[in-house]
Amino acid sequence: MNTTTIETKTALDGAVNPDVREAPLSSAQITDYDHRQTVGRITADNPKMACREVNVYYSEKHALRQVSLDIGANEVIAFIGPSGCGKSTFLRCLNRMNDTIVSCRITGHIQLDQDNIYDKSIDVVQLRARVGMVFQKPNPFPKSIYENVAYGPRIHGMINGKAELDELVYASLERAGLIKEVEKRMDEPGTSLSGGQQQRLCIARAIAVNPEVILMDEPCSALDPIATAKIEELIDELRENYTIVIVTHSMQQAARVSQRTAYFHLGDLIEVGETDQIFTNPRHKLTEDYITGRFG
Ligand SMILES: Nc1ncnc2c1ncn2[C@@H]1O[C@H](COP(=O)(O)OP(=O)(O)O)[C@@H](O)[C@H]1O
Ligand SMILES: [Mg+2]
């Protein structure tokens, strides 16, 4: 079994969130994690985000343990693992979406480029524009197609005048592969679109504020196979300009869209590696059990 080397980067030194209190761990938990180590290379050559020793608690429940992982620039990384293993929890750490959950407490460091995203100086609204999110169920605002996309740039004060806004709305819908289907119905409600179109609208909405990273939590699980194929194609195109983290319960999807895959199990990051390697030659027994269908 390979052991992981966690590269210590100078930029990470001292990046601990001063707001984060160290969790009082029970002795069982402490012994537990001394034995835990992710198999595979947790670092990326060109990291966009760097996570080190991230722990998440919901009240007493220790939902994520000592997760260290880089998210490489312009890569698609897939998070897989059985239901309840902490995939969404970890994803939400990456843009501080967990801040909205009262019982949730996070320790560890997470950087976006050189910024510690849990630092006091970080504006969470700005952070969520840089690290956008697409949810499992398409959730367009109860507004027109146009307004769904225009909303973000407007509240972020990104545009000057109507012409500029129009241009940005069209460009975002184009990038999301939706413009042809909606250009004649921009004033219709977003909710009047099909499920797959709504999900692409949500992607356009995320893109409109010029994000660097896009988080997707099972973005296709409510979609039919054709709509799913369209989103998967889109993810591949988006990788040119964005870094994408996708949670998926479909191993086929992970294999189709991602370059790296991270396997989670009961709150631990068990193994991470090139997607091909994870699916053809997993190193950890738990990964193997999962991908061969013996677990989950
Ligand atoms: N808001 C929450 N409050 C309490 N426990 C939660 C909350 N969200 C998730 N959990 C718990 O944390 C663990 C990980 O959940 P989650 O991240 O949703 O897993 P996954 O996305 O892999 O299915 C589960 O045991 C789940 O019950
Ligand atoms: Mg989930």
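## What "buried" means here

A residue counts as buried if 20 or more other C-beta atoms lie within 10 Å of its own. Keep that cut-off in mind, because 45% of the 296 residues of this protein count as buried by it. One thing to know before we look around: this is a predicted model.

## The overall picture

The protein has eleven helices and ten strands. How do its contacts spread along the chain? Take the contacts between residues at least 6 apart in sequence: 73% of them join residues at least 24 apart.

Now for the largest nonpolar core, which has 77 residues. The members that touch the most others are Phe 79, Ala 204, Ile 214, Leu 215, Ile 244, Val 245 and Ile 246. Helix α7 gives the most to this core, with seven residues. You can zoom in on Ile 244: leaving out residues up to four places away in sequence, it touches Val 76, Ile 214, Met 216, Ile 235, Leu 238 and Arg 239.

## Helix α5, a helix with two sides

Helix α5 covers residues 161–175. Does its length add up, or what should you expect? At 1.5 Å a residue, its 15 residues should span 21 Å, and the C-alpha atoms at its ends are 21 Å apart, so the two agree.

Which residues of α5 are buried? They are Leu 168, Val 169, Ser 172 and Leu 173. These residues cover an arc of only 130 degrees around the axis, so they sit on the same side of α5. A general rule helps here: an α-helix has 3.6 residues a turn, so residues three or four places apart point the same way. On the other side of α5 you'll find Ala 163, Glu 164 and Glu 167, which are exposed. The buried residues are covered by, among others, α4 (145–155), α6 (179–182) and α7 (195–208). Just past the end of α5 comes Gly 177, with a positive phi of about 70 degrees.

## Helix α4, one of its neighbours

Helix α4 has its own set of buried residues: Ile 145, Asn 148, Val 149, Ala 150, Gly 152 and Pro 153. What do they pack against? The answer is α3 (124–130), α5, α6 and α7. After α4 comes Gly 157, whose phi is positive, near 60 degrees.

## Around ligand 1

Ligand 1 is surrounded by 13 residues, and the closest are Tyr 58, Ala 63, Lys 87, Ser 88 and Thr 89. Sort the shell by type and you get four nonpolar, seven polar and two charged residues.

Where do these residues come from? Strand β2 (61–72) and helix α2 (87–93) each supply at least two of them. Helix α2 gives the most, with three.

## Two buried spots

Look for Pro 219 in the loop between β7 (213–217) and α8 (225–238). Why does Pro 219 count as buried? It has 28 other C-beta atoms within 10 Å, and the cut-off is 20 or more. Pro 219 and Lys 137 are 82 residues apart along the chain, yet their C-alpha atoms are separated by 7.0 Å. Setting aside neighbours within four places in sequence, Pro 219 is in contact with Val 134, Gln 136, Gln 199, Ile 231 and Ile 246. You met Ile 246 earlier, among the core residues that touch the most other members.

Ile 278 belongs to helix α10 (residues 275–280). It counts as buried because it has 28 C-beta neighbours inside 10 Å. Its C-alpha atom is separated by 6.8 Å from that of Thr 261, which is 17 residues away along the chain. Thr 261 is also one of its contacts beyond four places in sequence, together with Tyr 263, Glu 271, Gly 273 and Thr 287.

## Two unusual phi angles

Most residues other than glycine have a negative phi. Which way do Glu 53 and Leu 266 go, positive or negative? Glu 53 is not a glycine, but its phi is positive, about 50 degrees. Leu 266 is not a glycine either, and its phi is positive too, about 45 degrees.

Glu 53 is found in strand β1 (residues 47–58), whereas Leu 266 is in the loop between β9 (260–265) and β10 (268–274). Glu 53 is partly exposed, with 14 other C-beta atoms within 10 Å. Leu 266 is also partly exposed, again with 14 other C-beta atoms within 10 Å.

How values were computed: Residues are numbered from 1 along each chain as its sequence is written. Chains are lettered from A and ligands numbered from 1 in the order in which they are written. This is a predicted model: local features need pLDDT of at least 70, side-chain atom pairs count only at pLDDT 80 or more; totals for chains, interfaces and linings use all residues. Helices (H or I, at least four residues) and strands (E, at least two) are DSSP runs, numbered from the N terminus. The expected span of a helix is 1.5 Å times one less than its number of residues. A residue is buried if 20 or more other C-beta atoms lie within 10 Å of its own, exposed if 12 or fewer, and partly exposed in between; C-beta atoms are placed from the backbone. The arc is that of the directions from the helix axis to the C-beta atoms. Two residues are in contact if their C-beta atoms, placed from the backbone, lie within 7 Å. A nonpolar core is a set of buried Ala, Val, Leu, Ile, Met, Phe, Trp, Tyr and Cys residues joined through C-beta atoms within 7 Å. A residue is near a molecule or strand if its C-beta atom, placed from the backbone, lies within 6 Å of it. Ala, Val, Leu, Ile, Met, Phe, Trp, Tyr, Cys and Pro count as nonpolar, Asp, Glu, Lys and Arg as charged, and the others, Gly among them, as polar.
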